[in-house]
Amino acid sequence: MEKKIKKLFTVWKFAEEEQWLNEMAADGWELTKVNVPQYTFKKSTPNEYIYRLELLDPKLSKKEREDYIDFIEETGAEKIGEFSNWIYFRKKSELGTFNLFSDLDSRIGHLKRMFRRLLGGFISITAVLLFLIILIANQSYSIILPIITVTIFALILCLFGYGLTQINNRKKVLVEERKFRE
Amino acid sequence: MQNEQIALTEAIYYTLLSLYEPLHGYGIMQKVEKMSEGRVILAAGTLYGALNNLLKKGWIEALPKSVNNRKKEYLITTQGKEIVEMELLRLQELIDNGMKIVESGGEK
(Lines give C-alpha, C1' and ligand atoms only; values in the text may rest on other atoms or scores of the structure.)
Protein backbone atom coordinates (compact mmCIF):
# COMPACT_ATOMS: atom_id res chain seq x y z
CA MET A 1 0.00 0.00 0.00
CA GLU A 2 1.21 3.45 -0.86
CA LYS A 3 0.17 6.93 0.04
CA LYS A 4 1.20 10.35 -1.15
CA ILE A 5 1.09 13.38 1.09
CA LYS A 6 1.61 16.95 0.02
CA LYS A 7 3.24 19.07 2.70
CA LEU A 8 5.45 22.10 2.64
CA PHE A 9 8.18 22.83 5.20
CA THR A 10 10.16 26.04 5.31
CA VAL A 11 13.94 25.93 5.81
CA TRP A 12 13.65 26.79 9.51
CA LYS A 13 11.17 23.92 10.04
CA PHE A 14 13.72 21.28 9.07
CA ALA A 15 13.71 19.70 12.53
CA GLU A 16 9.91 19.44 12.38
CA GLU A 17 10.12 17.85 8.94
CA GLU A 18 12.61 15.27 10.19
CA GLN A 19 10.42 14.59 13.22
CA TRP A 20 7.32 14.22 11.05
CA LEU A 21 9.07 11.65 8.81
CA ASN A 22 10.16 9.68 11.88
CA GLU A 23 6.64 9.83 13.32
CA MET A 24 5.27 8.52 10.03
CA ALA A 25 7.82 5.69 10.24
CA ALA A 26 6.68 4.99 13.80
CA ASP A 27 3.15 4.57 12.41
CA GLY A 28 4.46 2.13 9.84
CA TRP A 29 4.73 4.53 6.91
CA GLU A 30 8.18 4.44 5.34
CA LEU A 31 9.18 7.33 3.13
CA THR A 32 10.29 5.96 -0.21
CA LYS A 33 10.36 9.01 -2.46
CA VAL A 34 10.60 12.77 -2.03
CA ASN A 35 9.49 15.14 -4.71
CA VAL A 36 8.96 18.34 -2.75
CA PRO A 37 6.22 19.10 -1.81
CA GLN A 38 5.09 15.50 -2.39
CA TYR A 39 6.15 12.70 -0.06
CA THR A 40 5.50 9.07 -1.04
CA PHE A 41 5.11 6.55 1.78
CA LYS A 42 4.91 2.78 1.72
CA LYS A 43 3.15 0.71 4.37
CA SER A 44 5.63 -1.42 6.30
CA THR A 45 6.51 -2.49 9.81
CA PRO A 46 6.66 0.43 12.29
CA ASN A 47 10.04 2.02 13.01
CA GLU A 48 11.95 0.12 10.37
CA TYR A 49 14.04 3.16 9.47
CA ILE A 50 15.42 6.33 11.06
CA TYR A 51 15.30 9.42 8.87
CA ARG A 52 17.76 12.32 8.83
CA LEU A 53 17.93 15.44 6.68
CA GLU A 54 20.94 17.50 5.80
CA LEU A 55 21.44 20.70 3.88
CA LEU A 56 24.74 20.38 2.04
CA ASP A 57 27.07 23.27 1.43
CA PRO A 58 26.10 24.67 -2.01
CA LYS A 59 29.79 25.42 -2.64
CA LEU A 60 30.64 21.70 -2.78
CA SER A 61 31.71 20.46 -6.21
CA LYS A 62 29.82 17.56 -7.78
CA LYS A 63 32.65 15.22 -6.83
CA GLU A 64 32.86 16.42 -3.22
CA ARG A 65 29.10 16.02 -2.95
CA GLU A 66 29.17 12.45 -4.26
CA ASP A 67 32.15 11.68 -2.06
CA TYR A 68 30.19 12.82 1.00
CA ILE A 69 27.03 10.90 0.12
CA ASP A 70 29.13 7.76 -0.55
CA PHE A 71 30.80 8.16 2.83
CA ILE A 72 27.43 8.35 4.62
CA GLU A 73 26.13 5.37 2.66
CA GLU A 74 29.21 3.31 3.58
CA THR A 75 28.13 3.65 7.22
CA GLY A 76 24.93 1.75 6.50
CA ALA A 77 22.60 4.60 5.56
CA GLU A 78 21.01 5.24 2.19
CA LYS A 79 20.03 8.35 0.32
CA ILE A 80 16.38 8.25 -0.66
CA GLY A 81 15.99 11.65 -2.22
CA GLU A 82 17.11 15.21 -2.50
CA PHE A 83 15.64 18.61 -3.01
CA SER A 84 18.09 21.23 -4.22
CA ASN A 85 20.82 20.85 -1.59
CA TRP A 86 18.71 18.99 0.98
CA ILE A 87 19.54 15.31 1.20
CA TYR A 88 17.12 12.77 2.69
CA PHE A 89 18.93 9.88 4.38
CA ARG A 90 17.58 6.84 6.17
CA LYS A 91 19.12 3.93 8.01
CA LYS A 92 17.63 0.68 9.29
CA SER A 93 16.93 1.17 12.97
CA GLU A 94 18.18 -2.35 13.75
CA LEU A 95 21.67 -1.07 12.81
CA GLY A 96 21.61 1.24 15.83
CA THR A 97 21.24 4.97 16.35
CA PHE A 98 21.52 7.17 13.31
CA ASN A 99 22.62 10.77 13.50
CA LEU A 100 24.49 12.92 11.03
CA PHE A 101 26.00 15.17 13.67
CA SER A 102 27.45 14.23 17.04
CA ASP A 103 28.92 17.48 18.28
CA LEU A 104 27.83 21.09 18.70
CA ASP A 105 30.27 22.45 16.10
CA SER A 106 28.83 20.42 13.23
CA ARG A 107 25.25 21.23 14.29
CA ILE A 108 26.13 24.94 14.44
CA GLY A 109 27.72 24.61 10.98
CA HIS A 110 24.52 23.05 9.64
CA LEU A 111 22.42 25.93 10.99
CA LYS A 112 24.84 28.43 9.45
CA ARG A 113 24.33 26.79 6.05
CA MET A 114 20.56 27.14 6.48
CA PHE A 115 20.91 30.79 7.47
CA ARG A 116 23.02 31.55 4.40
CA ARG A 117 20.61 29.68 2.18
CA LEU A 118 17.60 31.61 3.46
CA LEU A 119 19.47 34.91 3.19
CA GLY A 120 20.46 34.06 -0.40
CA GLY A 121 16.83 33.33 -1.28
CA PHE A 122 15.72 36.53 0.36
CA ILE A 123 18.24 38.65 -1.55
CA SER A 124 17.22 37.14 -4.92
CA ILE A 125 13.50 37.68 -4.26
CA THR A 126 14.16 41.23 -3.07
CA ALA A 127 16.12 42.00 -6.21
CA VAL A 128 13.28 40.75 -8.46
CA LEU A 129 10.64 42.64 -6.47
CA LEU A 130 12.60 45.88 -6.43
CA PHE A 131 12.97 45.61 -10.17
CA LEU A 132 9.21 45.11 -10.52
CA ILE A 133 8.44 48.04 -8.24
CA ILE A 134 10.63 50.35 -10.31
CA LEU A 135 9.09 49.05 -13.52
CA ILE A 136 5.54 49.54 -12.28
CA ALA A 137 6.25 52.95 -10.77
CA ASN A 138 7.58 54.16 -14.11
CA GLN A 139 4.78 52.90 -16.29
CA SER A 140 1.63 52.86 -14.30
CA TYR A 141 -0.47 55.89 -13.43
CA SER A 142 -2.53 53.86 -11.03
CA ILE A 143 -1.60 53.95 -7.38
CA ILE A 144 -3.03 50.50 -6.64
CA LEU A 145 -0.40 48.34 -8.32
CA PRO A 146 2.58 49.90 -6.53
CA ILE A 147 0.72 49.57 -3.24
CA ILE A 148 0.06 45.88 -3.86
CA THR A 149 3.68 45.26 -4.80
CA VAL A 150 4.99 47.12 -1.78
CA THR A 151 2.60 45.16 0.45
CA ILE A 152 3.79 41.84 -0.98
CA PHE A 153 7.35 43.02 -0.47
CA ALA A 154 6.62 43.89 3.16
CA LEU A 155 5.01 40.47 3.74
CA ILE A 156 7.99 38.65 2.25
CA LEU A 157 10.33 40.77 4.32
CA CYS A 158 8.43 39.73 7.47
CA LEU A 159 8.42 36.04 6.49
CA PHE A 160 12.14 35.89 5.78
CA GLY A 161 12.90 38.02 8.81
CA TYR A 162 10.94 35.55 10.92
CA GLY A 163 12.74 32.57 9.36
CA LEU A 164 16.19 34.07 9.83
CA THR A 165 15.40 34.86 13.46
CA GLN A 166 14.19 31.28 14.02
CA ILE A 167 17.42 29.79 12.66
CA ASN A 168 19.53 32.32 14.50
CA ASN A 169 17.81 31.56 17.82
CA ARG A 170 18.43 27.83 17.44
CA LYS A 171 22.05 28.59 16.61
CA LYS A 172 22.43 30.93 19.60
CA VAL A 173 21.34 28.21 22.03
CA LEU A 174 24.05 25.89 20.67
CA VAL A 175 26.73 28.59 20.62
CA GLU A 176 25.92 29.38 24.26
CA GLU A 177 26.31 25.68 25.18
CA ARG A 178 29.54 25.50 23.19
CA LYS A 179 31.18 27.75 25.80
CA PHE A 180 30.98 24.87 28.25
CA ARG A 181 31.03 21.68 26.25
CA GLU A 182 31.69 20.28 22.80
CA MET B 1 51.84 25.31 13.88
CA GLN B 2 51.37 28.03 16.40
CA ASN B 3 52.83 27.78 19.86
CA GLU B 4 49.46 28.04 21.54
CA GLN B 5 48.63 24.83 23.39
CA ILE B 6 45.68 23.21 21.68
CA ALA B 7 42.98 21.10 23.25
CA LEU B 8 41.64 18.51 20.81
CA THR B 9 37.92 17.90 20.54
CA GLU B 10 36.75 14.48 21.60
CA ALA B 11 35.85 13.58 17.99
CA ILE B 12 39.33 14.55 16.75
CA TYR B 13 41.16 12.86 19.63
CA TYR B 14 39.34 9.55 19.25
CA THR B 15 39.58 9.64 15.46
CA LEU B 16 43.36 10.08 15.69
CA LEU B 17 43.64 7.27 18.26
CA SER B 18 41.62 4.85 16.14
CA LEU B 19 43.88 5.51 13.13
CA TYR B 20 47.05 3.93 14.60
CA GLU B 21 45.91 1.13 12.26
CA PRO B 22 44.39 1.73 8.79
CA LEU B 23 40.60 2.04 8.92
CA HIS B 24 37.77 3.30 6.72
CA GLY B 25 35.05 5.65 7.95
CA TYR B 26 32.63 3.09 9.33
CA GLY B 27 35.54 1.20 10.92
CA ILE B 28 36.52 4.36 12.82
CA MET B 29 32.96 4.81 14.10
CA GLN B 30 32.81 1.21 15.33
CA LYS B 31 36.26 1.30 16.92
CA VAL B 32 35.60 4.57 18.76
CA GLU B 33 32.29 3.27 20.04
CA LYS B 34 33.99 0.11 21.30
CA MET B 35 36.98 1.95 22.83
CA SER B 36 34.73 4.30 24.76
CA GLU B 37 32.39 1.45 25.70
CA GLY B 38 29.51 3.03 23.85
CA ARG B 39 29.92 6.50 25.34
CA VAL B 40 31.24 8.21 22.21
CA ILE B 41 29.23 7.53 19.08
CA LEU B 42 30.63 9.57 16.20
CA ALA B 43 27.97 10.54 13.68
CA ALA B 44 28.92 10.08 10.03
CA GLY B 45 28.61 13.74 9.03
CA THR B 46 30.69 14.94 11.98
CA LEU B 47 33.33 12.28 11.32
CA TYR B 48 33.52 13.24 7.65
CA GLY B 49 34.25 16.85 8.61
CA ALA B 50 36.84 15.72 11.17
CA LEU B 51 38.63 13.49 8.63
CA ASN B 52 38.78 16.28 6.06
CA ASN B 53 40.21 18.71 8.59
CA LEU B 54 42.78 16.14 9.74
CA LEU B 55 43.83 15.50 6.14
CA LYS B 56 44.25 19.24 5.56
CA LYS B 57 46.41 19.51 8.69
CA GLY B 58 48.48 16.54 7.57
CA TRP B 59 47.78 14.65 10.82
CA ILE B 60 46.34 11.70 8.89
CA GLU B 61 46.73 10.45 5.33
CA ALA B 62 44.36 8.72 2.93
CA LEU B 63 45.66 5.37 1.73
CA PRO B 64 45.44 4.55 -1.98
CA LYS B 65 42.43 2.39 -2.79
CA SER B 66 43.32 -1.22 -3.56
CA VAL B 67 41.41 -3.80 -5.59
CA ASN B 68 40.02 -5.71 -2.64
CA ASN B 69 39.29 -2.52 -0.72
CA ARG B 70 36.79 -0.20 -2.32
CA LYS B 71 36.35 2.00 0.73
CA LYS B 72 38.85 4.76 1.42
CA GLU B 73 41.14 4.00 4.36
CA TYR B 74 43.03 6.45 6.54
CA LEU B 75 46.16 6.25 8.71
CA ILE B 76 47.71 8.58 11.27
CA THR B 77 50.95 10.36 10.23
CA THR B 78 54.09 11.00 12.32
CA GLN B 79 52.90 14.55 12.86
CA GLY B 80 49.52 13.22 13.99
CA LYS B 81 51.20 10.94 16.51
CA GLU B 82 53.15 13.90 17.94
CA ILE B 83 49.87 15.75 18.40
CA VAL B 84 48.36 12.79 20.25
CA GLU B 85 51.42 12.55 22.52
CA MET B 86 51.18 16.26 23.35
CA GLU B 87 47.49 15.86 24.04
CA LEU B 88 48.18 12.93 26.38
CA LEU B 89 50.53 15.14 28.43
CA ARG B 90 47.86 17.81 28.62
CA LEU B 91 45.19 15.32 29.66
CA GLN B 92 47.55 13.81 32.24
CA GLU B 93 48.03 17.25 33.77
CA LEU B 94 44.27 17.77 33.92
CA ILE B 95 43.80 14.43 35.65
CA ASP B 96 46.70 14.92 38.10
CA ASN B 97 45.47 18.34 39.18
CA GLY B 98 41.89 17.16 39.37
CA MET B 99 42.82 14.15 41.50
CA LYS B 100 45.00 16.21 43.84
CA ILE B 101 42.21 18.62 44.65
CA VAL B 102 39.31 16.16 44.70
CA GLU B 103 41.12 13.51 46.75
CA SER B 104 42.26 15.99 49.36
CA GLY B 105 38.55 16.88 49.63
CA GLY B 106 39.45 20.55 49.45
CA GLU B 107 40.90 20.46 52.99
CA LYS B 108 43.41 22.96 54.40
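Student: How many helices and how many strands does chain B have?
Tutor: Keep in mind that this is a predicted model. Read along the sequence, chain B runs α-β-α-α-β-β-α. Tally up that pattern and you get 4 helices and 3 strands.

Student: What share of the residues in chain B is buried?
Tutor: Chain B has 108 residues. A residue goes down as buried when its relative accessible area is under 20%. By that cut-off, the buried share of chain B is 36%.

Student: Among contacts in chain B between residues at least 6 apart in sequence, what percentage joins residues at least 24 apart?
Tutor: The pool here is limited to pairs in chain B that are at least 6 apart in sequence. Pick out the pairs at least 24 apart, and their share of that pool is 53%.

Student: Moving to chain A, how far apart are the domain centres?
Tutor: Chain A is split into domain 1, residues 2-95, and domain 2, residues 104-178. Taking the C-alpha centres of these two domains, the separation is 26 Å.

Student: How many residues does each domain of chain A bring to the contact?
Tutor: On the domain 1 side, α1 (14-26) and β4 (49-55) each supply at least two of the residues that touch domain 2. The full contact takes 14 residues from domain 1 and 12 residues from domain 2.

Student: What is the area buried between domain 1 and domain 2 of chain A?
Tutor: The size of an interface is often given as the accessible area lost when the parts come together. Carbon and sulfur atoms give 61% of that area between the two domains of chain A. The total comes to about 1200 Å².

Student: Which three residues supply more of the area that domain 1 buries against domain 2 than any other three?
Tutor: We're looking at the domain 1 side of chain A here. The trio in question supplies 58% of the area that domain 1 buries. Those residues are V11(A), W12(A) and L55(A).

Student: How many salt bridges are there between the two domains of chain A?
Tutor: For polar contacts, the count between the domains is 6 residue pairs, both residues at pLDDT 80 or more. For salt bridges, the count between domain 1 and domain 2 is 2.

Student: How many residues apart in sequence are the parts tied together by E16(A) and R170(A)?
Tutor: The side chains of E16(A) and R170(A) meet in a salt bridge, 3.1 Å from N to O. E16(A) is partly exposed at 29% relative accessible area, and R170(A) is partly exposed too, at 26%. E16(A) sits in helix α1 and R170(A) in helix α4, so the pair ties together parts whose separation in sequence is 154 residues.

Student: What about R52(A) and E18(A): are they buried or exposed?
Tutor: Their side chains form a salt bridge with an N to O distance of 3.1 Å. R52(A) lies in strand β4 and E18(A) in helix α1, so the pair ties together parts 34 residues apart in sequence. R52(A) has a relative accessible area of 18% and E18(A) has 14%. With the cut-off at under 20%, R52(A) counts as buried, and E18(A) is likewise buried.

Student: Which helix holds both K62(A) and E66(A)?
Tutor: K62(A) and E66(A) form a salt bridge, with the closest N and O atoms 3.1 Å apart. K62(A) is exposed at 65% relative accessibility, while E66(A) is partly exposed at 42%. The two are 4 residues apart, about one turn, and both lie in helix α2.

Student: Which residue's side chain joins that of E54(A) in a polar contact of 2.6 Å?
Tutor: E54(A) is found in strand β4 of chain A and counts as buried at 4% relative accessibility. Beyond its neighbours within four places in sequence, E54(A) is in contact with residues including N85(A), W86(A), H110(A) and R113(A). The partner in the 2.6 Å polar contact is Y68(A).

Student: Why does the span of helix α4 in chain A agree with its residue count, and what is that span?
Tutor: Helix α4 covers residues 144-178, which is 35 residues. At 1.5 Å a residue, the expected span is 51 Å. The end C-alpha atoms agree with that, being apart by 51 Å.

Student: What covers the buried residues of α4(A)?
Tutor: The buried residues in α4(A) are T149(A), F160(A), G163(A), L164(A), I167(A) and L174(A). Their cover includes another helix of chain A, spanning 104-139, namely α3.

Definitions and conventions
Residues numbered from 1 in each chain as written. Chains lettered and ligands numbered in written order. Predicted model: local features only at pLDDT ≥ 70, side-chain atom pairs only at ≥ 80, totals over all residues. Heavy atoms only, no water. Expected span 1.5 Å × (residues − 1). Buried < 20%, exposed > 50% of the residue type's maximum accessible area, 1.4 Å probe, protein only. Contact = heavy atoms within 4.5 Å. Domains from an automatic or database assignment. Buried area = accessible area lost by both parts, 1.4 Å probe. Salt bridge = Lys/Arg side-chain N within 4 Å of Asp/Glu carboxyl O. Polar contact = N/O pair within 3.5 Å; in protein donor to acceptor, adjacent residues only side chain to side chain.
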